[in-house]
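Me: I am new to reading structures, and I would like to know what stands behind the words people use for them. Could you go through this one with me?

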2 protein chains.
Amino acid sequence: MAPGAIDVNIQSISAYGPARSTVKVDKPLSSDEVHKINEYFKASLYLCLGMLYLRDNPLLKEPLKKEHIKNRVLGHWGSDAGQSFTWIHMNRLIKKYSLDSLFISGPGHGAPGILSQSYLEGVYSEVYPDKTEDEDGMRRFFKSFSFPGGIGSHATPETPGSIHEGGELGYSISHAFGAVYDHPDLIALTMVGDGEAETGPLATSWHSTKFLNPITDGAVLPVLHLNGYKINNPTLLARISHEELEALFIGYGWAPYFVEGSDLQSMHQSMAATLEHCVLDIKEIQKKARESKKAFRPRWPMIVLRTPKGWTAPREVDGKRLEGFWRSHQVPMPDVLTNPDHLKLLESWMKSYGPDELFANKGKLIPELKALAPTGNSRMSANPVGNGGLLRKPLDLPDFRTYGVQKIEPGVSLIGNMTNLAKFLRDVIAKNKTNFRLFGPDETESNKLGEVYKAGKKVWLGAYFDEDQDGGNLAMEGRVMEMLSEHTIEGWLEGYILSGRHGLLNSYEPFIHIIDSMVNQHCKWLEKCLEVEWRAKVASLNILLTATVWRQDHNGFTHQDPGFLDVVANKSPEVVRIYLPPDGNSLLSVADHCLRSVNYVNVIVADKQEHLQFLSMEEAIEHCTKGVGIWDWASNDQGEEPDVVMASAGDVATHEALAATALLRQYLPGVKVRFVNVVDLFRLIPETQHPHGMSDLQWKALFTEDKPIIFNFHSYPFLVHRLTYRRPGQKNLHVRGYREKGNIDTPFELAVRNETDRFSLAIAAIDNIPRLHNTASAIREKFVNSQIAARNTAFGDGVDSEEIRTWKWPFPKKELI
Amino acid sequence: MAPGAIDVNIQSISAYGPARSTVKVDKPLSSDEVHKINEYFKASLYLCLGMLYLRDNPLLKEPLKKEHIKNRVLGHWGSDAGQSFTWIHMNRLIKKYSLDSLFISGPGHGAPGILSQSYLEGVYSEVYPDKTEDEDGMRRFFKSFSFPGGIGSHATPETPGSIHEGGELGYSISHAFGAVYDHPDLIALTMVGDGEAETGPLATSWHSTKFLNPITDGAVLPVLHLNGYKINNPTLLARISHEELEALFIGYGWAPYFVEGSDLQSMHQSMAATLEHCVLDIKEIQKKARESKKAFRPRWPMIVLRTPKGWTAPREVDGKRLEGFWRSHQVPMPDVLTNPDHLKLLESWMKSYGPDELFANKGKLIPELKALAPTGNSRMSANPVGNGGLLRKPLDLPDFRTYGVQKIEPGVSLIGNMTNLAKFLRDVIAKNKTNFRLFGPDETESNKLGEVYKAGKKVWLGAYFDEDQDGGNLAMEGRVMEMLSEHTIEGWLEGYILSGRHGLLNSYEPFIHIIDSMVNQHCKWLEKCLEVEWRAKVASLNILLTATVWRQDHNGFTHQDPGFLDVVANKSPEVVRIYLPPDGNSLLSVADHCLRSVNYVNVIVADKQEHLQFLSMEEAIEHCTKGVGIWDWASNDQGEEPDVVMASAGDVATHEALAATALLRQYLPGVKVRFVNVVDLFRLIPETQHPHGMSDLQWKALFTEDKPIIFNFHSYPFLVHRLTYRRPGQKNLHVRGYREKGNIDTPFELAVRNETDRFSLAIAAIDNIPRLHNTASAIREKFVNSQIAARNTAFGDGVDSEEIRTWKWPFPKKELI
């Protein structure tokens, strides 16, 4: 046997020759230590099986019978042993070196592996007092697993110490990095499933080390669990040569250490030695950087742990492979209720772990094993970072009012809405140096937020070239996180928030769909947290969508998709908020509100180009507080019943709706137009369905119940219809929005294609005011012709006409109030 | 200088010491060849700049003036040179070795680089007759680029030879693999942007080689373009050491060859040698496998091409870096209209490429350069694979009727809906051995489609272990593609379809959101293709969603999300179809229809568990053809006006709606219930909005205009509301569906939480039939109590009661017709 190699007795490992232990095994553990660690391991495995199968007879004091088995056996065994094993070995080092450590569980459905740890450490009983450390408590603990009204088979919010559910795969590494940024003492021990490792998001997240500062940030210690199998297939990384596997992680920038095998004695020694080596390596790297005050990117250590899937299960059942094969992925013997032989086998398997001795202390883990675990908050399942809301400190926010756009002439002043937001965010960064980060996929500058770099540059631990001096804005200790992976930055942000800090992600609107599923899952996490008493609230996940559809005319059809709002609107009203501030001051007001809020996903939609301004700061605050309101200065119904309600949500949509209003009033001065603007989208739905909803009475006061409403909407028009389908007078509601019509266009042409331009809106108003049908046909035709002329100009010149581009509200404000 | 190294004159490359040319440069090209290739290169670069800037004076015969410049200069210069360079060098080898090759353009906005090739090859003029190869044609060619009504800055459907738009980044490699599967002679030369390479989907798609058979499939030759910069940031892969970079690709399973530099002479020699080496390597691998008839996974060759971003642009403008820096990403000098110095500089820059000599043949590329390009379909821009619809052969489909579930007793028979579909798909695979593949993220077996392995196993070029004999179903020449990356399998499928073949993707419903954005982009591609005359229609993208929300009770909240339908419904009605077959026979009918269709994205939602059957094959065909219909056997209104319409869409939803109907009829026999089932979701919208839509007249005939409609819907209820917001009687429409309420539940409990269970539906009916308000209160209470009792059972036993689980339609069918 090669030096340092350990005994291997399973084929899936031996297929590549002797297993490897990169760190030479010089028996760091005494045989007594090995024995105890192994006993602790057995205790956790016993609990895992108990969770999968038992509703009674938890300590197997009686012979196992059908009535002790759950009617529906659910759960997964595949990665439980590997995860327990890793956790337990970290316990030794936490105690030895007083580590501050968190466990992130990446492999799918591996919850028993870590729930068992939480129970053994006593945290589970502290958090859930009915799950006591005795026979009764254990019975309740077992029964509640994957049981209606109980807890799930992932590291759900109910799991002490978890900030990563792992229901959807692929985000363990990015979550882990998010958790350790600005937590310099924290080590996130991160188990990565080899199934999960095949996903795109996980595959690129290994590069996160290029954004980790060894002075100011903590460390992520990944343990890639080469379990060998997914549900029904081998895993890619378990079926490439050792040479390729090692090269891959060196290429990703890590120093991989291998722990491979199944023999318990040698595996304990190997894991103990290797994990200790890695922890010391991390400490050494940090010491070097911190003492020298010079940050650098080392090859951070990581572990490749190759163990059989379903490790410690029977090798075969009925002549079919179980341990070391995909059959051990889920419940190993799902038919124990109907197969007496399997019931018998289960009993002997469970008994083989020795529950009588392990839990001899009246059903509680015996003291000599208890002593292996850390105590208090050093227990990974009790680390406060795992309940990050506890650590959350409100942001020290500058007064957003002082950043307001001054001397607004409504509908006339023109500025970029991001200009002042960028200054505000700059100062948020400056005042919250370890508590706030800005995230973006290489778009922060493009999104006109470059001002923030004055307070915090872009974190960059890759190589530096001289040319970076020429406006590169890169720094080892930056505050802005940019990588061209929406998945990674979203994962970082989620991890950062869930571990108690604050952040904002800015992105082009069209490509935010890339992380639909991640945001969905975060919403579900937040909603579930509301049901978990001990979970403290975390900062909201703030997403700023810009470079929006109506100004993606030049980039074309692929860059036009405002449909993220539909995805968000499907999530629980308890946790989602959507804002469409029409201008710069309202954007500031909304942003301030979002940064103060907790437990939401806030989506803010605001374009980055120059746009008309409408509201003074005081007006903006009032308008955003109400979420929807009549703009008197743009209306001429003066409290009477209007002929038509012109409504809008979104900056460009408001611009065109206002221009349409002006057309109507210029050419049809007898028409009374009421102008309504919506900032807070969920104001549109009934108050019974969303906390921000409004009553029908309020609805009627704004929108009337019998007048035509021309609603110019930023996104797909159907979203407004689904929010308002029960409203009085909804049949009078004509919603315009993006209808998937686009190409390389000018802004005006793009609007015309989707009938959201001023002329289309004004024509819609005429068509829906009955008394105009016979009287306004000449005006209507004029609008049609003006629209055609403007289109022709765009196609001829490649740009919109001066008149279209520089349109301003033509009525003085004061006369209108 | 190291042997084999080439001259390097830019810092961003020299920062890591001498640039590398892995293949020793022994001057494969004569100096005449270098000269000509370089002239061709200059011609393409000239065209690129022309596209960005000019609307007139295309050959710069007159001094360049403002009026020759587009009013809005749009486009990207950054990767154009590198892409042109690569294309041109491949041309040489296509001619030398009679290669069948396709170019996939991954870097963002790099269209000028490949449009220029298409124009130089003459294909552009063949396809667009007004874009002739003369001064006038060139002017029109320039003007139409990034111009309203023209073409976009990606490799849009209008681009000859393109099957990969690249508007959203990350899918070049997976598309390329999709294109070469079952195209054994094809080489997909695939340019990968180093920005794109940071995305998750791209990062994992490098593993695709483990699914490529060197005998039956073609080859992908990636050229990773280390351009150095994204929009405003350096790229990760350009800022890691050579050692890491090389290791990374070895780890991914490739043999990377490096071509680095900026000096044109040496770069031509290096690229010529390296590309030729790679092509010969591919041919050698294929020869070895094909002659021996033994497939294997080699280290396929790839190229890392490190050139300056914006290569051949001025090094600096106004003392600021341009070439080799992120400033060359977009239009290098966007202010030429207002800055006369820059206009002058542009003119001299463009002139430096020598348009007078290059296009001396009356504005056409001179013959000695023309001769460098291949001819006919050997031109990459004319490869028929790039217009895959041309190659599409209809599937040889077995008669789906023969797979039908026999002897259906409606509402009584119970089978798994996938059972017969699996047999049908098995035979589709068997009859279409090189024309159809099935795709899934490790879920095909779990989704009960394992029967297909009898006709085609899972493609696997990773290592084999002995244990694979035990039901592994792996094969070098399989027909089922499984990798735990929804992104990769979707990319493969898209590439496979776009290059002329057929396929179906099966996935758990909840995680299909992972590819929301990819499906969005594919829809946009298809829609745009409808406007491009020469594009032949391709097979539809078929997505089968199973393991659906209502049977994800046990996996919990993270596995419950039917919202993909909302994303799809936002796309153009021309290209999207959504089907919710209620049972096995209707699933077969729908699947057959989808496999025959072209140019759609078809989404089929059907759960994988055992479910009630409702329709004989003939009934199913009729029902699916209509898309929606009254089920007479389940109705008792016998042609009269009903008291209530009970409607459903989706298998589980139909089951519960039927059970509710039975409750009403059993306990309130005087109530007339009409039962309507919807298969084709777009039947619900007006015929003016979707080709499948129905008129209000048809609507009223089915749903009435004044009776309460209780609609039990598979997905989020709002989707039905948005589709029906204008329907007569829509205020009577009460839609039930998933309302984001879930946990670890039983199926019944999950339904109750969302009020989609039989009791909730029956109660809703009672509450909405006015005449029952005073008469049915006892029955209503009974339903309430039955619901409570059933919930208690679930919470107590962990499973639903026998009564709930085994409910069957209690009325004989014959009495009802």
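Reply: Gladly! Let us begin with the parts of chain A: its domain assignment gives domain 1 (20–375), domain 2 (398–609) and domain 3 (627–804). Such bounds come from an automatic or database domain assignment. The centres of domain 1 of chain A and domain 3 of chain A, taken over C-alpha atoms, are separated by 57 Å.

Me: What kind of model is this, and how are residues and chains labelled?

Reply: This is a predicted model, in which local features need pLDDT of at least 70 and side-chain atom pairs count only at pLDDT 80 or more, while totals for chains, interfaces and linings use all residues. Residues are numbered from 1 along each chain as its sequence is written, and chains are lettered from A and ligands numbered from 1 in the order in which they are written.

Me: What makes the relation between chain A and chain B that of a two-fold axis?

Reply: Two copies of a chain are related by a rotation about an axis and a shift along it. Here a rotation of 180° with 0.0 Å of shift along its axis superposes chain A on chain B, with an RMSD of 0.0 Å. The superposition is by least squares on the C-alpha atoms of residues with pLDDT of at least 70 in both copies. That is therefore the relation of a two-fold axis. Gly200(A) is the residue of chain A that comes closest to the rotation axis, with its C-alpha at 1.9 Å.

Me: How do you know that the same surface serves both copies?

Reply: Of the contact residues of chain A, 99% recur in chain B. Residues are in contact if their C-beta atoms, placed from the backbone, lie within 7 Å. Chain A gives 102 residues to the contact and chain B gives 102 residues. The largest share of chain A's side comes from H9(A), with eight residues. By class, that side has 33 nonpolar, 39 polar and 30 charged residues. For these classes, Ala, Val, Leu, Ile, Met, Phe, Trp, Tyr, Cys and Pro count as nonpolar, Asp, Glu, Lys and Arg as charged, and the others, Gly among them, as polar.

Me: Why are S1 and S4 of chain A called edge strands?

Reply: A quick word on names: helices (H or I, at least four residues) and strands (E, at least two) are DSSP runs, numbered from the N terminus. Five strands of chain A form an open sheet in the order S1-S2-S3-S5-S4, with parallel pairing. Strand S1 (100–105) and strand S4 (254–260) of chain A each pair on one side only, and these are the edge strands. From one strand to the next, the twist averages 20°.

Me: How do you know that S4(A) pairs with S5(A)?

Reply: Two strands pair if DSSP finds at least two bridges between them. Seven bridges join S4(A) to strand S5 (residues 300–306) of chain A, and the two run parallel. Tyr257(A) stands opposite Ile303(A) in S5(A).

Me: Why is strand S14 of chain A described as largely enclosed?

Reply: A residue is buried if 20 or more other C-beta atoms lie within 10 Å of its own, exposed if 12 or fewer, and partly exposed in between, with C-beta atoms placed from the backbone. In S14 (residues 541–546) of chain A, six of the six residues are buried, so the strand is largely enclosed by the rest of the structure. Leu541(A), Ile543(A) and Leu545(A) point one way, whereas Asn542(A), Leu544(A) and Thr546(A) point the other way. In a regular strand the side chains alternate between the two faces of the sheet. Five bridges join strand S13 (residues 502–508) of chain A to S14(A), in parallel, and Leu505(A) stands opposite Ile543(A).

Me: Is Asp182(B) buried or exposed, and what about Lys210(A)?

Reply: Asp182(B) has 21 other C-beta atoms within 10 Å, so Asp182(B) is buried. Its place is the loop between helix H7 (172–180) and strand S2 (186–193) of chain B, and its phi is near 60°, a positive value in a residue other than glycine. Lys210(A) has 18 C-beta neighbours inside 10 Å and therefore counts as partly exposed. Lys210(A) is in the loop between H8 and S3 of chain A. Its contacts, leaving aside neighbours within four places in sequence, include Gly253(A), Arg297(A) and Leu236(B).

Methods: Two residues are in contact if their C-beta atoms, placed from the backbone, lie within 7 Å. Axes are lines fitted to C-alpha atoms, for helices over the stretch in contact, and angles run from 0 to 180 degrees between N-to-C directions.
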